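Grab a pencil and work through a few short exercises on strands, helices and nonpolar cores. Try each task yourself before you read the solution under it.

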Amino acid sequence: MTDRNDTFQQLAIKYKQETGIEVDIQLFAPSDAYSQKVIAAGQANVLPDIYGILDKKSIVADFIKAELVVDLTEDMNANGSTWKNSLFDKALADKSFDAGNVYGVKPGIYGVPIDVTNEQWLYNKKLLAKAGISSAPRSWDEFIKDAQALRRVGITPFVSGWGELWMIDCFASNYAFNIMGEDKVFETFRGKVKYTDSDWIKVLNIFAQMRDKGVFMDGLVTKGNKYAEQDFSLERAAFAFNGSWCVNVYHDMNPNLDYGVIEPPPITTANPLKIWGSAGSTFVVNAQSPNKDKAIAFLKWLTAKEQQVVLSKETNNLPSNKEALPGVSPILEEFAKGMENSTHPNIWPLNEDPLVSEAFDRGIQAIIIGEKSPLQVAQDVQIVKDRQSSRGNQ
């Protein structure tokens, strides 16, 4: 969140003027270094009053069980649940745990989302027009047709930061839900369905088709998302797969970029196509802090409508407070519509073993560069799945 430093500092000054309480906000980058810093601070019991946990849900659970995170359920439900009801449910779910959760955490709400995000497709209106395309595709077949039209006039159809495995995982899960439905996806995670199943082959075939039709920008599988964002903002590709945070990034890189937002074009109407959407940034309160009440009060203030409007306008991020949505830009409003059809690994009943997910995502990279076929990748992933299952991992 280093791009939001000025806005946060201005809000801290405003809070001191209103309450007399000084808030020291420190931002760190990159995310991996920050995560390690927080883990080390937790082990040494020197965490700040408020912090973020940028890691998978099992790590969040470890922090909670180590009594380093305050259960905010009572505060969220106070005064007729006013605070909780003002925030997006799916954003709250990012750091919430239901009864009977697999992590053994006491049910409750443990985090305060300050914004929300989701991943969708962006399209460059000017580049599509150059290829004679009058509107964005609404189906997979339309997209493939458009990609070929773009290639014919020398325009690269698609870019994304698929050197980052999580972005491949996100894209693939969108279409897995669409092709086979979420129940069958979760049954695969449970080991009841194999990755060599015909539906998973269909998912992997998507990437082979995109490769064969010349959809991808060269070097896609080694490209970090920041570089992919630069490619799209400088109009080197007509389509991009990215998150709502890109609105701020693209504005900084090319304020005149004329683009739109669409949900990923579905392959079938048999099952809904879900997109990843959840809290963008979530803060937790240190349970060991002597300033717990003051910290909670500040987060309640930060997520109130007035401050949420400021954050959204100044940083081009979607607010976590639903009441602040009327103040967002038209492009963010398009992203906001996707929250109704969103899902996220942090709110799924279970997740795939990390080593299996890595094998799957790296297998997709191998398909894209032509090293392996979809069937070979499916067989490789199933081998890893069987091995991990035999060790008792889920």
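**Exercise 1. Find the strand that pairs with β8 in the parallel sense, and give a bridge between the two.**

Start with β10, residues 342–343: this strand and β8 pair in the parallel sense over two bridges. Now pick out a bridge. Ile275 has Ser342 of β10 as its bridge partner. One thing to keep in mind as you go on: this is a predicted model.

**Exercise 2. Work out which strands run antiparallel to β8, and how well β8 itself is covered.**

Step one: look at β1, residues 50–51, which pairs with β8 in the antiparallel sense over two bridges. Here Tyr51 sits opposite Val284 of β8.

Step two: move to β4, residues 112–124, which is joined to β8 by six bridges, again antiparallel. In this pair, Asn118 faces Gly277 of β8.

Step three: check the cover. β8 spans residues 275–285, and ten of its eleven residues are buried, so call this strand mostly covered, given that buried means under 20% relative accessible area.

**Exercise 3. Follow β4 to its other partners. Which strands does it pair with besides β8?**

Begin with β9, residues 318–319: two bridges link this strand to β4, and the two run antiparallel. Val116 has Leu318 of β9 as its bridge partner.

Next comes β6, residues 239–243, which is joined to β4 by five bridges and runs antiparallel to it. Look for Leu122, whose bridge partner in β6 is Ala240.

Then there's β7, residues 259–262, which pairs with β4 in the antiparallel sense over four bridges. Leu122 turns up again here, with Val261 as its bridge partner in β7.

Finally, the cover: 13 of the 13 residues of β4 are buried.

**Exercise 4. Decide how α8 and α16 are oriented relative to each other, and list who makes the contact.**

First, the geometry. The axes of α8 (residues 165–180) and α16 (residues 354–368) come within 9 Å and cross at roughly 90 degrees. Angles of 65 to 115 degrees count as roughly perpendicular, so α8 and α16 are roughly perpendicular to each other.

Second, the residues. On the α8 side you'll find Leu165, Ile168, Asp169 and Ala172, while α16 brings in Ser357, Glu358, Phe360, Asp361, Arg362, Ile364 and Gln365.

Third, sort them by class: the contact has five nonpolar, two polar and four charged residues.

**Exercise 5. Describe the largest nonpolar core. Which of its residues touch the most other members?**

Step one: this core has 86 residues, and Trp121, Phe158, Trp162 and Phe171 touch the most other members.

Step two: ask where the members come from. α8 gives the largest share, with eleven residues.

Step three: zoom in on Phe158. Leaving out residues up to four places away in sequence, Phe158 touches Trp121, Phe143, Phe171, Met210, Val215, Phe216, Met217, Leu220, Ala237, Phe239, Ala240 and Phe241.

Step four: look for a separate core. Apart from the largest core lies another one, of 24 residues, including Tyr15, Trp83, Leu92 and Ile114.

Methods
Residues are numbered from 1 along each chain as its sequence is written. This is a predicted model: local features need pLDDT of at least 70, side-chain atom pairs count only at pLDDT 80 or more; totals for chains, interfaces and linings use all residues. Side-chain values use heavy atoms; hydrogens and water are left out. Axes are lines fitted to C-alpha atoms, for helices over the stretch in contact, and angles run from 0 to 180 degrees between N-to-C directions. Angles under 35 degrees count as roughly parallel, over 145 as roughly antiparallel, 65 to 115 as roughly perpendicular and the rest as oblique. Contact means heavy atoms within 4.5 Å. Ala, Val, Leu, Ile, Met, Phe, Trp, Tyr, Cys and Pro count as nonpolar, Asp, Glu, Lys and Arg as charged, and the others, Gly among them, as polar. A nonpolar core is a set of buried Ala, Val, Leu, Ile, Met, Phe, Trp, Tyr and Cys residues joined through side-chain atoms within 4.5 Å. Buried means under 20% relative accessible area, exposed over 50%, partly exposed in between (1.4 Å probe, protein chains only). Two strands pair if DSSP finds at least two bridges between them.
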